[in-house]
Amino acid sequence: MTSFDDLLSQVPIAQIADQLGVDQATATTAVQAALPTLLGGLQVNAAQPQGAASLLGALDNHGGLVEGEGAVNLEQVDVGDGEKIVDNVFGDEKNTVISALGAGGGTGGNDLIAKLLPILAPIVLAYLAKQLTGGGAAAPAPQQTQTSGGGLGDLLGGLLGGSSNSGGLGGVIGEALSKNAGGALGSVLGGLLGGKR
């Protein structure tokens, strides 16, 4: 089953809370704000042919992280790789995204979000890779996933559609966006709130 809640169940929130030195409630709120933001950034990238090709290449390297049932083991997450993913997804807007998410109530602030995004990014890519391959070892068919309306775009759209109904995530992002005076973040995350790509 592909759903936002299914993706959320893969995230080891207790381990993340321990690693970042915060309580589980703060870690949960931060994860619930950061996940749809990452998905939105990936969706913006996947809507462009070059971005989709780059993203599919990255998926090839991440399929094994979410094998089996239950949450990912945090020790297997390559945070350095996660930093590169976050840089690629948000580009020059990375600090704007971090500031907006950090301003959201209960997310633990900018420092926590800056440490959290690189942890979550490899988990998200691993989850996407698993969903595109049907959970098996076969690679996705390029002609199906590289078209903007293909499997990858549909998968991201489905996950984002589910996120707006999960525990007020849209409210957290909306609050973050409203606190951001500049419009740069809106151009990256507009799809999260308006449903447009």
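The exercises below, each with a worked solution, concern a predicted model of a protein chain.

**Exercise 1. Overall make-up**

Determine which secondary structure elements the protein chain contains and how many residues are buried as a percentage of the chain.

Solution.
- Step 1. Count the elements: the protein chain has eleven helices and zero strands.
- Step 2. Write them in sequence order, which gives α-α-α-α-α-α-α-α-α-α-α.
- Step 3. Take the burial: of the 197 residues in the protein chain, 47% are buried.
- Step 4. Take the surface: about 8,700 Å² of the protein chain is accessible, and carbon and sulfur atoms hold 48% of that area.
- Step 5. Look at the contacts between residues at least 6 apart in sequence: 77% of them join residues at least 24 apart.

**Exercise 2. Helix H5 and its two ends**

Work out which residues of H5 are buried, which are exposed, and what caps the N-terminal end of H5.

Solution.
- Step 1. Fix the limits: H5 covers residues 79-90, twelve residues in total.
- Step 2. Compare the span with expectation. From first C-alpha to last, H5 reaches 16 Å, close to the 16 Å expected at 1.5 Å a residue.
- Step 3. Sort by accessibility, with buried meaning under 20% relative accessible area and exposed over 50%. Gly82, Ile85, Val86, Val89 and Phe90 of H5 are buried. These five lie on the same side of H5 because they cover an arc of only 105° around the axis.
- Step 4. Turn to the other side of H5, where Lys84 and Asn88 are exposed.
- Step 5. Inspect the N-terminal end. Asp78 is the cap, with a side-chain oxygen 3.0 Å from the backbone nitrogen of Gly80.
- Step 6. Inspect what comes after H5: Gly91 follows, and its phi is positive, near 55°.

**Exercise 3. The salt bridges**

Identify the salt bridges and state where Glu83 and Lys94 sit in the chain.

Solution.
- Step 1. Apply the cut-off: a side-chain nitrogen of Lys or Arg must be within 4 Å of a carboxyl oxygen of Asp or Glu. The count is two salt bridges.
- Step 2. Take the pair Glu83 and Lys94, whose closest N and O atoms are 3.7 Å apart. Glu83 belongs to helix H5 and Lys94 to helix H6 (residues 94-102), and the two are eleven residues apart.
- Step 3. Take the pair Asp87 and Lys94, with closest N and O atoms 2.8 Å apart.
- Step 4. Combine the pairs: Glu83, Asp87 and Lys94 form a network of salt bridges.
- Step 5. Recall the general principle: side chains of opposite charge can pair when their charged atoms come close.
- Step 6. Classify the members by accessibility. Lys94 is buried, at 18% relative accessible area. Glu83 is partly exposed at 33%, and Asp87 is partly exposed at 36%.

**Exercise 4. Thr107 in its loop**

Find which backbone oxygens the side chain of Thr107 reaches, and decide whether Thr107 is buried or exposed.

Solution.
- Step 1. Locate the residue: Thr107 is in the loop between H6 and H7.
- Step 2. Read its accessibility. The relative accessible area of Thr107 is 0%, so the residue is buried.
- Step 3. List the polar partners. The backbone oxygen of Gly104 is 3.0 Å from the side chain of Thr107, and that of Gly102 is 3.3 Å from a polar atom of this side chain.
- Step 4. List the contacts, leaving out residues up to four places away in sequence. Thr107 touches, among others, Thr26, Thr29, Ala30 and Ala33, and also Leu112 and Ile113.

**Exercise 5. Two buried helix residues**

For Leu39 and Ile123, give the helix, the burial and the contacts.

Solution.
- Step 1. Place them: Leu39 is in helix H3 (residues 24-46), and Ile123 is in helix H7 (residues 109-132).
- Step 2. Check the burial. Leu39 is buried at 0% relative accessible area, and Ile123 is buried at 0% as well.
- Step 3. Check distances across the sequence. The C-alpha atoms of Leu39 and Val124 are 7.8 Å apart, with their positions 85 residues apart along the chain. Ile123 and Asn73 are 50 residues apart in sequence, and their C-alpha atoms are 9.9 Å apart.
- Step 4. List the contacts, setting aside neighbours within four places. Leu39 is in contact with Phe4, Leu7, Val124, Leu156, Leu159 and Leu160. Ile123 touches Gln10, Val11, Pro12, Leu65, Val66, Val72 and Val77.

Notes: Residues are numbered from 1 along each chain as its sequence is written. This is a predicted model: local features need pLDDT of at least 70, side-chain atom pairs count only at pLDDT 80 or more; totals for chains, interfaces and linings use all residues. Side-chain values use heavy atoms; hydrogens and water are left out. Helices (H or I, at least four residues) and strands (E, at least two) are DSSP runs, numbered from the N terminus. The expected span of a helix is 1.5 Å times one less than its number of residues. Buried means under 20% relative accessible area, exposed over 50%, partly exposed in between (1.4 Å probe, protein chains only). The arc is that of the directions from the helix axis to the C-beta atoms. A polar contact is a pair of N or O atoms within 3.5 Å; within protein, one must be able to donate a hydrogen and the other to accept it, and residues adjacent in sequence count only if both atoms are side-chain atoms. Contact means heavy atoms within 4.5 Å. Accessible areas come from the Shrake-Rupley method with a 1.4 Å probe; for residues, only the protein chains shown count as cover.
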